[in-house]
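Q: I am new to this structure and would like to learn how to read it. Where should I look?

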2 protein chains.
Amino acid sequence: MKLSAKGEYGVRAMVMLALCYDDGPVPLREIAEKENISYQFLEQIFLPLRRAGLIDSVRGPKGGYALARAPGEIKVGDIIRALEGPIAPVDCVSEGKSDRCGRTEACLTRGIWEKLRDRMSQLLDEITLADVIGLSADST
Amino acid sequence: MKLSAKGEYGVRAMVMLALCYDDGPVPLREIAEKENISYQFLEQIFLPLRRAGLIDSVRGPKGGYALARAPGEIKVGDIIRALEGPIAPVDCVSEGKSDRCGRTEACLTRGIWEKLRDRMSQLLDEITLADVIGLSADST
DNA sequence: ATAAAGCTGAGTAAATTTATCGGGATTACC
DNA sequence: GGTAATCCCGATAAATTTACTCAGCTTTAT
Ligand code: FES
Ligand code: FES
């Protein structure tokens, strides 16, 4: 039930981009240094983020990455899904995968995973980058 | 964000034990066959479950495993924790681990993971084995 | 005594994760 | 037009974890 480093780094990097949202594109090297993440590994993380349309890139000197939309329009769930695939505690509750136990209809445990999946999705989709950088003192 | 096979098998096996709660101890070999899980792998799963006090074992012929308490007294969260360790999306929000990003105090993302951890824990602790085997038609 | 069962540490093959490498493609600036 | 900053991206390597297997022991009903 752990996030991979990819997901963790990705969220941290996106938070950083949110903080720099008005400063023009931020070069990857800078993010890597400030967040203490391998530059080349970060490159691999930014590729899917860009393909998911969450960030825009600018090439050449003065280039870098920037959020594709305002921080309030990007959900943490979007980032996780782009980097780790569909949110689901077991494969068989995430569309189009082989179900390990075969008995999809009769399976008693399926309901657990569906509920867990829904709660996880729901929480991650109700937190935007604006929430993360703005109000560290919001309740719940 | 996936459960390992260990966790998934473990929950399925425990559900099976819950179904057999009044029948005396169930031999592992039977569970392995019915649930289509490697017998030897299941042995490795039952060890931590027993050490966590969730099941009792009876040795010798006519032996096997049985739930240590009534199905209503065993939470799915108990099973997951016994098999996968503390529920937490990243290590640093689960007591006594090294925090990868170092800046525990200032870390903006920490709040996300704490909330996620709490929601996951909460859900898994509000579902007991009795819920799983009893009412497949409960809402939410 | 026998056989049915649990108990357990060590070992292993495959998969996944976490990077690293090497080079290419764009573009601001001079 | 040359240079250097920067993104782009497939291939590969190292490390770790997962999912099992093996071999042999202990307990106990019959
Ligand atoms: S665990 Fe997938 S349907 Fe049962
Ligand atoms: S991710 Fe652990 S404190 Fe920031």
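A: In this predicted model, start with a polar contact to DNA, read as a pair of N or O atoms within 3.5 Å. The side chain of B:Tyr65 has an N or O atom 2.4 Å from a phosphate oxygen of DNA strand C.

Q: Which parts of DNA strand C do the side chains of B:Arg59 and B:Glu43 reach?
A: For B:Arg59, an N or O atom of the side chain is 3.1 Å from a sugar or linking oxygen of DNA strand C. For B:Glu43, a polar side-chain atom lies 3.0 Å from a base nitrogen of that strand.

Q: Which elements give two or more residues to the surface near DNA strand C?
A: From chain A they are helix 1 (5-19) and helix 3, and from chain B they are helix 3, strand 1 (55-58) and strand 2 (64-67). Helix 3 of chain B provides the largest share, six residues.

Q: How many residues surround DNA strand C, and how do the residues of the surface near it divide?
A: There are 28 residues around DNA strand C, and the closest are A:Gln40, A:Gln44, B:Arg50, B:Ser57 and B:Tyr65. By class, 12 are nonpolar, 10 polar and six charged. On the DNA side, sugar or phosphate makes up 70% of the strand C atoms within 4 Å of the protein, and bases make up the rest.

Q: What surrounds DNA strand D?
A: Here 29 residues surround the strand, with A:Arg50, A:Ser57, A:Tyr65, B:Gln40 and B:Arg59 the closest. Of the atoms of DNA strand D that come within 4 Å of the protein, 65% belong to sugar and phosphate. The surface near DNA strand D has 12 nonpolar, 10 polar and seven charged residues. Its largest share, six residues, comes from helix 3 of chain A.

Q: Which atoms of DNA strand D pair with A:Ser57, A:Leu28 and A:Gln44?
A: A phosphate oxygen of DNA strand D is 2.5 Å from a polar side-chain atom of A:Ser57. With A:Leu28 the protein partner is a polar backbone atom, 2.9 Å from a phosphate oxygen of the strand. The side chain of A:Gln44 has an N or O atom 2.9 Å from a base nitrogen of DNA strand D.

Q: What rotation superposes chain A on chain B?
A: Two copies of a chain are related by a rotation about an axis and a shift along it. In this case the rotation is 180° and the shift along the axis is 0.0 Å, with an RMSD of 0.0 Å. That is the relation of a two-fold axis. The C-alpha of A:Met1 is the one in chain A nearest the axis, at 2.4 Å. Both copies use the same surface, and 100% of the contact residues of chain A recur in chain B.

Q: Which residues have the most contacts inside the largest nonpolar core?
A: They are A:Met14, A:Phe46, B:Met14 and B:Phe46, in a core of 88 residues. Leaving out residues up to four places away in sequence, B:Phe46 touches B:Ala13, B:Leu17, B:Leu28, B:Ile31, B:Ile55 and B:Tyr65.

Q: Which residues of helix 4 of chain B are buried, and what covers them?
A: An α-helix has 3.6 residues a turn, so residues three or four places apart point the same way. In helix 4 (residues 76-84) of chain B, the buried residues are B:Val76, B:Gly77, B:Asp78, B:Ile79, B:Ile80 and B:Leu83. Their cover includes helix 5 (110-126) of chain A, along with helix 1, helix 3, helix 5 (110-126) and helix 6 (129-134) of chain B. Just after this helix, B:Gly85 takes a positive phi of about 80°.

Notes
Residues numbered from 1 in each chain as written. Chains lettered and ligands numbered in written order. Heavy atoms only, no water. Near = heavy atom within 4 Å. Polar contact = N/O pair within 3.5 Å; in protein donor to acceptor, adjacent residues only side chain to side chain. Helix = DSSP H or I, 4+ residues; strand = E, 2+ residues; numbered from the N terminus. Nonpolar A, V, L, I, M, F, W, Y, C, P; charged D, E, K, R; others polar. Core = buried A, V, L, I, M, F, W, Y, C linked by side-chain atoms within 4.5 Å. Buried < 20%, exposed > 50% of the residue type's maximum accessible area, 1.4 Å probe, protein only. Contact = heavy atoms within 4.5 Å. Least-squares fit on C-alpha atoms with pLDDT ≥ 70 in both.
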